[in-house]
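The following exercises concern one protein structure and are each followed by a worked solution. Please study the sequence and the structure before beginning.

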Amino acid sequence: MPQKKLSNLTVLSNSVQGEDFFLLRLKTDECHPAIKPGQFVEIRISGAENVMLRRPISIHNFNEDSKVMELLVRKAGNGTKCLSRCQAGDKIDIVYPLGNGFDVAAAGERPLLVGGGVGVAPLLMLAAELRKAGAKPVFLFGARTSSAILRREKFKEYGQIDVATEDGSEGVKGFVTDHPDLSAEGLKNFTSIYQCGPTPMMKAVAQRAKAAGVECYASLENMMACGFGVCLCCVTDTVNGNKRVCADGPVFNVNDLKW
């Protein structure tokens, strides 16, 4: 299991990102474990009613030079709503980094990065690492409406952004699987697929990838409690038996999942 650390990290800023999202920027320890794209953190939230367990949050980005970690978070319940009220200077009790991240070496020259909703969060750091490795990533984002596409300008720094919106306000009208990028012909342009988002979306993308013979990786969003693989509440069924998403994942090759 990758090395991890328990720390009280300082909030540098907390900014609103659309109606239901916020971006936390945290100063990490000068001496910290290696952080890889696709890993996550577990945060203890104080002051939230009926919130006893830590909350798992994907690592959105990390700058090794400045030691700043970014977390893109959706306000989904009492815990994350309480977290959204953090201010600069506050301390957050956090365990990081957890899980096994994306395999950057498997990307090839032109990977397709597919995200739905807050599932775009781990794809920013992944794209940065892919660019460092010489790849040219393309993003495919799905959302209800154009205004729900998160951090558009930041993602543009690392690659082309293709969009599918359910209301047709931008890009292709419909789901990401309605976009030409994921057609049999479109997939000929890509060497791999990395994805994160709602399970139905990822299953549909996985089926397209398998049919086209394109290697595909999925970051699962199962409910997690401990983050260490002890409580077993996040177990998923694979061709090699039950696996703990928090410890054995959260990233899996879709060929290993019983999808």
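**Exercise 1. Determine how strand E13 is joined to E16, and place this pair within its sheet.**

Step 1. Strand E13, residues 215-219, runs antiparallel to E16, and 3 bridges join the two. Helices (H or I, at least four residues) and strands (E, at least two) are DSSP runs, numbered from the N terminus. Two strands pair if DSSP finds at least two bridges between them.

Step 2. One of these bridges sets Ala 218 against its partner Phe 252 in E16.

Step 3. The open sheet consists of 7 strands with mixed pairing, in the order E11-E10-E9-E8-E12-E13-E16. Its edge strands, each pairing on one side only, are strand E11 (172-173) and strand E16 (251-253). Strands of a sheet pair through backbone hydrogen bonds, either parallel or antiparallel.

A note on the source: this is a predicted model, in which local features need pLDDT of at least 70 and side-chain atom pairs count only at pLDDT 80 or more, while totals for chains, interfaces and linings use all residues. Residues are numbered from 1 along each chain as its sequence is written, and side-chain values use heavy atoms, with hydrogens and water left out.

**Exercise 2. Identify the pairing of E6 with strand E2 and with E5.**

Step 1. Strand E2 (residues 21-27) pairs with E6 over 7 bridges in the antiparallel sense. Here Leu 24 stands opposite Leu 71 of E6.

Step 2. E5 also pairs with E6 in the antiparallel sense, over 3 bridges. Phe 62 has Met 69 of E6 as its bridge partner.

Step 3. The hairpin of E5 and E6 has 4 residues between the strands, and in it Lys 67 takes a positive phi near 60°.

Step 4. Is E6 mostly covered or mostly uncovered? It is mostly covered, since 6 of its 7 residues are buried (buried means under 20% relative accessible area, exposed over 50%, partly exposed in between, with a 1.4 Å probe and protein chains only).

**Exercise 3. Establish how many disulfides the structure contains.**

Step 1. The criterion is a pair of cysteine sulfur atoms within 2.5 Å. A disulfide is a covalent bond between the sulfur atoms of two cysteines.

Step 2. By this rule the count is 0 disulfides. Cys 234 is in none, as its nearest cysteine sulfur, that of Cys 246, is 3.7 Å away.

Step 3. Are these cysteines buried or exposed? Cys 234 is buried at a relative accessible area of 3%, and Cys 246 is buried at 2% relative accessibility.

**Exercise 4. Describe the largest nonpolar core.**

Step 1. A nonpolar core is a set of buried Ala, Val, Leu, Ile, Met, Phe, Trp, Tyr and Cys residues joined through side-chain atoms within 4.5 Å.

Step 2. The largest core has 29 residues, and those touching the most other members are Leu 112, Val 114, Val 176, Leu 182, Ile 193, Val 205 and Leu 220.

Step 3. Two or more residues each come from strand E7 (91-98), E8, E9, H4, E13 and helix H5 (245-248). H4 gives the most, with 5 residues.

**Exercise 5. Describe the largest pocket and the largest cavity.**

Step 1. On a 1 Å grid over the protein atoms alone, a cavity is a set of points where a 1.4 Å probe fits but cannot get out; a pocket is an open set with protein on both sides within 12 Å along at least five of seven lines; lining residues have an atom within 4 Å of a point. Grid points are joined across faces, edges and corners, and a volume is the space filled by probe spheres set on the points.

Step 2. The largest pocket holds about 1300 Å³ of space. Its lining comprises 50 residues, and Arg 74, Ala 76, Val 118, Gly 119 and Glu 221 lie nearest its centre. E4 gives the most to this lining, with 4 residues.

Step 3. The whole structure has 2 cavities of 30 Å³ or more, and the largest has a volume of about 40 Å³. Strand E8 (111-116) and strand E9 (138-143) each supply at least two residues of its lining, and the largest share, 3 residues, comes from E9.
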